[in-house]
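Please open the structure in your viewer and keep the selection panel within reach. We will go through the model step by step, choosing something to select each time and then describing what is there.

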Amino acid sequence: MIQLRSITKKYKNNYALRNVNLDILSGEFVFVVGASGAGKSTLMKLLYKEETPSSGTVMIGGINIANLPSDKVPNLRRCMGIVFQDYKLLQNQSVYDNVAYVIRTLGISTKEINARVLGALKVVGLSDKIKAKPTELSGGEQQRVSIARAIVNGPPLLIADEPTGNLDPKNSMEVMQILDQINQRGITVIVSTHDSAMVDYFRKRVITLENGEVVRDIQAGTYEQQ
Amino acid sequence: MSSNKQTIKKQVKKHIPKDWLTELRIVYRITMETLNDIKRTGIVNIIIITTIAAILTIFGGLFRTALSVNSFAHELGNVLEISVYLKQNADAQTVANRIKKIEHVQKVRIIPKENSWQDLKREIDIPDIENPLPDTLHVKVDKPQNINSVFNNIKVLSVVSDMSYAQELAKKIQILNNVVNTSTVLVVIIVAILTITIINNTIQLVIQSRKDEIEIMRLMGVSNWYIKIPLIMQGALYGFLGAAFALIPLNVVQNMLNNVHRFFMIPGPIFAGNMVVIAMFFLGISFGAGGSFLSIKKHLQV
């Protein structure tokens with residue numbers, strides 16, 4: 001599903017990524033780990049075209065998104081769910097409206113929107129909070145709303161950039177378990193994290209970045225595996 | 001895997017045609033977004049609409065006045081004639097036919113010397129002498145600004161003894177016409193600059209206040225046009241409402257000008273009111289939308 005070939009990302013004289021080559025298959029669950037500044041977030045941003053590589057190709061679903069015109073970027077992003085460390089929820093809107101926001105712009109009927117939103121909220125266990133505002137929710141709940149929003153359009157790919165970065169261990173575990181459940185439904189999940197406990201617990205494919213280079217890529221790996 | 005790959009490729013690369021109901025729902029959502037943006041702008045809405053209404057009132061008032069002045073100038077121009085006095089041996093009909101061929105000449109009327117003599121004798125007590133008056137031609141020109149060139153063309157004819165016309169009046173009418181027309185064009189330019197500047201700044205504030213929201217929309221894959229169109233519609237709506245409110249003072253100006261026309265017994269310009277209203281709405285909406293568009297181009301990175 002995803003192929004990265006000879007990816008280099010340079011900011012002035014600093015390399016964020018150097019000659020990265022990766023293949024991620026459809027239905028995989030992948031952890032991207034590494035210390036701060038290792039290039040995890042840059043790699044994630046390349047996948048949802050928030051950044052463009054200095055050189056190399058990023059193929060997603062057979063399209064080189066490195067060359068994707070800007071007017072097609074929204075189409076690409078609607079094919080994937082994105083989860084952020086800081087949740088990025090609309091604070092003045094309810095949980096329901098946050099989840100429904102993007103699919104409303106597609107002209108989908110109210111009945112279908114309702115079905116999809118309630119379905120997504122059921123997956124993340126927030127069916128009873130549809131009227132709550134994000135400010136009335138805990139961090140873990142807000143991240144679950146963000147996951148519901150990411151899966152409401154039925155994407156084949158979910159990208160989570162440090163989804164547990166602002167959460168305590170209990171909430172982190174809940175969020176990771178939800179992501180794991182989503183993956184079991186056939187959705188490809190890529191999670192960047194520096195939460196070693198979660199990586200060690202779930203034993204998924206682990207790609208380790210150091211100074212912008214892939215130094216390890218291990219199936220069913222752990223955070224500090226040699 | 002192949003199915004996912006095809007789905008992504010299809011959704012990213014191709015435009016997926018939508019049925020009319022889906023399009024209608026999108027239009028509804030965009031309209032709701034526009035109304036929400038206006039609601040969020042709060043009390044500032046009133047200031048913007050009032051200012052645009054004031055600017056459009058000045059434009060509408062001047063444009064309506066220009067149409068009236070044009071109509072006055074046209075009526076006065078219509079009564080302007082060149083009097084051509086012929087030499088004694090000249091054949092009036094032949095000269096009249098020749099003058100009719102001159103460009104911008106609309107009509108030539110022959111006043112035989114016998115008629116002029118009879119008229120003169122009716123007005124003043126004249127002894128019974130031989131008629132010394134020549135045949136006279138009254139030449140009417142299509143537009144007041146052409147009167148001078150027609151005058152010069154007739155003057156060179158050898159059979160013409162003397163000529164006269166209200167030269168000063170013709171010049172003044174022409175100057176007044178030019179001044180009013182130039183002022184209207186200048187006011188349109190000022191209206192454009194002011195409206196675009198006001199809307200530009202307002203939309204900039206809206207974009208600033210919604211910066212986080214727009215960022216989230218963008219990252220979630222909301223189309224660029226879905227983000228932009230409500231802002232452009234907001235600007236256009238300000239222009240529309242400004243023009244609608246400007247109709248109130250414009251009506252007062254319109255009534256005053258109609259009274260002036262009635263007083264001088266000169267008919268008002270046809271469809272003047274409708275023309276001014278259409279121009280005001282056109283300028284309000286187009287400059288409003290244009291101001292938003294410029295602001296989006298400068299401040300919205302999507």
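The tour begins with chain A as a whole, moves inward to some of its parts, and then turns to chain B. Please keep in mind throughout that this is a predicted model.

**Chain A as a whole**

Select chain A and show it as a cartoon, where you can look for 7 helices and 10 strands. The radius of gyration of this chain is 17 Å, close to the 17 Å that the globule rule gives for 226 residues, so chain A is as compact as a globular protein of that length. If you turn the C-alpha trace along its principal axes, it spans about 45 × 40 × 30 Å. Of the 226 residues in chain A, 59% count as buried, and among the contacts between residues at least 6 apart in sequence, 67% join residues at least 24 apart.

**The two domains of chain A**

Next, colour residues 1-79 together with 155-219 as domain 1, and residues 88-154 as domain 2, following the domain assignment of chain A. The centres of these two domains, taken over C-alpha atoms, are separated by 23 Å. Where they meet, 14 residues of domain 1 of chain A are in contact with 13 residues of domain 2 of chain A.

**The nonpolar cores**

Now select A:Ile2 and A:Leu4, which touch the most other members of the largest nonpolar core, a set of 73 residues. Which residues surround A:Ile2, if its neighbours within four places in sequence are left aside? Showing side chains around A:Ile2 brings up its contacts, among them A:Leu22, A:Ile24, A:Leu47, A:Met59, A:Leu157 and A:Ile190. There is also a second, separate core of 44 residues, and to find it you can select A:Tyr87, A:Ile113, A:Val117 and A:Met198, which are included in it.

**Strand 6 and its partner**

Select residues 80-84 of chain A, which form strand 6, and note that 5 of its 5 residues are buried. A:Met80, A:Ile82 and A:Phe84 point one way from this strand, while A:Gly81 and A:Val83 point the other way, and all of them are buried. Add strand 7 of chain A to the selection, and you will see that strand 6 and strand 7 run parallel and are joined by 5 bridges. To look at one bridge in detail, pick A:Val83, whose bridge partner in strand 7 of chain A is A:Ala160.

**Two loops of chain A**

Follow the chain onward from strand 7 (157-161) into the loop that leads to helix 6 (169-184), and select A:Thr164 there. Is A:Thr164 buried or exposed? Its relative accessibility is 5%, and because buried means under 20%, A:Thr164 counts as buried. Leaving out residues up to four places away in sequence, A:Thr164 touches A:Ser172, A:Val175, A:Met176, A:Thr193 and A:Asp195.

For a contrasting loop residue, go to A:Asn211, which is found between strand 9 (205-210) and strand 10 (213-218) of chain A. This residue is exposed, with a relative accessible area of 61%. A:Asn211 also has a positive phi of about 50°, although it is not a glycine.

**Chain B: domains and sheet**

Select chain B and colour residues 18-75 together with 172-299 as domain 1, and residues 81-165 as domain 2. Taken over C-alpha atoms, the centres of these two domains of chain B are separated by 53 Å.

In chain B, find the open sheet of 4 strands, which has the order 2-3-1-4 with antiparallel pairing. Strand 2 (105-111) and strand 4 (160-164) of chain B stand at the edges, each with a single partner strand, so one side of each is left without a neighbour in the sheet. On average, neighbouring strands of this sheet are turned by 20° against each other, with direction ignored. Inside the order, strand 1 (residues 81-86) and strand 3 (residues 136-141) of chain B pair in the antiparallel sense over 5 bridges, and B:Val84 has B:Leu137 in strand 3 as its bridge partner.

**Around helix 4 of chain B**

Finally, select residues 92-100 of chain B, which form helix 4, lying across strand 1, strand 2 and strand 3 and running at about 170° to strand 2 of chain B. In the loop between strand 1 and helix 4 you will find B:Asn89, which counts as exposed at 71% relative accessibility. In the loop between helix 4 and strand 2 of chain B lies B:His104, which counts as partly exposed at 27% relative accessibility.

Technical notes:
Residues numbered from 1 in each chain as written. Chains lettered and ligands numbered in written order. Predicted model: local features only at pLDDT ≥ 70, side-chain atom pairs only at ≥ 80, totals over all residues. Heavy atoms only, no water. Buried < 20%, exposed > 50% of the residue type's maximum accessible area, 1.4 Å probe, protein only. Contact = heavy atoms within 4.5 Å. Core = buried A, V, L, I, M, F, W, Y, C linked by side-chain atoms within 4.5 Å. Pairing = 2+ DSSP bridges. Axes fitted to C-alpha atoms, helices over the stretch in contact; angles between N-to-C directions. Domains from an automatic or database assignment. Rg over C-alpha atoms; globule rule 2.2 N^0.38 Å.
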